Amino acid sequence: MLKKDDFILLLSNKRTYLVQKAHGKLHTEFGVIDLKKIKKYGQTIRTHKGVAFVAVQPTMSDMMRKLKRMPQVVTAKDAAAIIAHVGVRPGWKCIDAGAGSAFLAIMIGNAVGPRGSVVSYENNKKFAEVAKHNVKKCGLEKIVNIKNKPLKKMTEKHLDLVTLDVRDAEQYVEKAFRSLKPGAWLVVYSPYIEQVISVRKRMQEAGFAHITTKEIIEREWQSDYFSRPKNRMLGHTGFLTFARKAIKRKMRKKSTKSKSAKKRAKS
Ligand SMILES: C[S@@+](CC[C@H](N)C(=O)[O-])C[C@H]1O[C@@H](n2cnc3c(N)ncnc32)[C@H](O)[C@@H]1O
């Protein structure tokens, strides 16, 4: 049985509408839908003109299309690449900054599930409020925690993933290294190549390994009678730089020392 705050996605072959049951009546170009008559997901409902819609439970992607956007958000193609590259698992403990509109935090929160957590730092009060609102709308408030604090105040340790989407990300690379578990990941989203260069340099200095940078290009095709890529596409969004914490720095230095000592002894 659906409750009045539940979200419903009304789906026909032509259109979709995302509504809350409490909305009462929905006026569409196909006629009026009485939402009170929808009792459960999967039910088919007709407008007063007889046009059929099926009422389904919205997915996280359906919900995200309706969220408030403040600063530039991380798009689905980039979030998907982050989640797939590092192999996010249910139960992971993650840190994200800055939260912005919480798009990336929400997508990671959806992947880590109820046993996991995402703490997302945002230093701007207004953005933090929007981020909290978006998280609540997606029903993830028990998983994604928006902290209205600067990233330098981060205290969390033994993390599986840190994602940074802040202008001066290179300043937090060392801190991220100390907060991550061995084998865990840092991912930095940077709109400009100059940022990528300084982030990669800091990653190397901090002791990160397996550093790779990618740009994800998405091109939609139109397929009517003849098929071809659409004229317009989403151009550049950002570069993704991935780095993994492998051997602790102290241990690495020790093993390098012992190797050179062995060499000296041989010669
Ligand atoms: C581009 S937005 C992030 C968008 C977000 N990743 C999303 O997908 O919705 C960058 C955000 O970082 C915040 N920010 C910048 N420096 C910060 C810092 N040192 N600590 C916390 N937040 C910071 C900004 O206020 C801004 O909201």
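Two strands count as paired when DSSP finds at least two bridges between them. With that in hand, this predicted model is easy to start reading: strand 1 and strand 2 (residues 16-20) clear that bar with five bridges, running antiparallel. The domain assignment splits the protein into domain 1 (7-58) and domain 2 (63-254), and the centres of domain 1 and domain 2, taken over C-alpha atoms, sit 35 Å apart.

**The open sheet**

- Four strands make up an open sheet, in the order 2-1-6-5, with antiparallel pairing.
- Strand 2 and strand 5 (44-46) are the edge strands; each has a single partner strand, so one side of each has no neighbour in the sheet.
- On average, neighbouring strands of this sheet are turned by 30° against each other, if you ignore direction.
- Getting from strand 1 to strand 2 takes a hairpin of four residues, and across that pair Ile 8 faces Val 19 in strand 2.
- Strand 1 also pairs with strand 6 (residues 52-56), antiparallel and through three bridges; here Leu 11 stands opposite Val 54 in strand 6.
- Strand 5 and strand 6 are likewise joined by three bridges and run antiparallel, with Thr 44 opposite Val 54 in strand 6.

**Two faces of strand 1**

- In a regular strand, side chains alternate between the two faces of the sheet.
- You can follow that pattern along strand 1 (residues 7-11): Ile 8 and Leu 10 point to one face and are buried.
- Phe 7, Leu 9 and Leu 11 point to the other face and are not buried.

**Around the ligand**

- The ligand has 20 residues around it, and those coming nearest are Val 74, Gly 98, Gly 100, Phe 103 and Leu 151.
- Sorted by class, this shell holds 12 nonpolar, six polar and two charged residues.

**Backbone oddities to look up**

- Gly 98, one of the residues that come nearest to the ligand, is joined to Ala 97 by a cis peptide bond, with omega at about -20°.
- Gly 98 lies in the loop between strand 7 (93-97) and helix 3 (103-112).
- Ala 102 is also placed in the loop between strand 7 and helix 3, and its phi is near 70°, a positive value in a residue other than glycine.
- Is Ala 102 buried or exposed? Ala 102 has 35 other C-beta atoms within 10 Å, and the cut-off for buried is 20 or more, so Ala 102 counts as buried.
- His 210 has a positive phi too, near 50°, and is not a glycine either; look for His 210 in strand 12 (residues 208-215).
- His 210 counts as exposed because it has 11 C-beta neighbours inside 10 Å, and the limit for exposed is 12 or fewer.

**Lys 137 and its contacts**

- Lys 137 belongs to helix 4 (residues 125-137).
- With 18 other C-beta atoms within 10 Å, Lys 137 is partly exposed; that class covers the counts between the exposed limit of 12 or fewer and the buried limit of 20 or more.
- Which residues does Lys 137 contact, leaving aside its neighbours within four places in sequence? Those contacts are Met 63 and Leu 67.
- Lys 137 and Met 63 are 74 residues apart along the chain, yet their C-alpha atoms are separated by 7.8 Å.

Note on methods:
Residues numbered from 1 in each chain as written. Predicted model: local features only at pLDDT ≥ 70, side-chain atom pairs only at ≥ 80, totals over all residues. Domains from an automatic or database assignment. Near = placed C-beta within 6 Å. Nonpolar A, V, L, I, M, F, W, Y, C, P; charged D, E, K, R; others polar. Axes fitted to C-alpha atoms, helices over the stretch in contact; angles between N-to-C directions. Contact = placed C-beta atoms within 7 Å.
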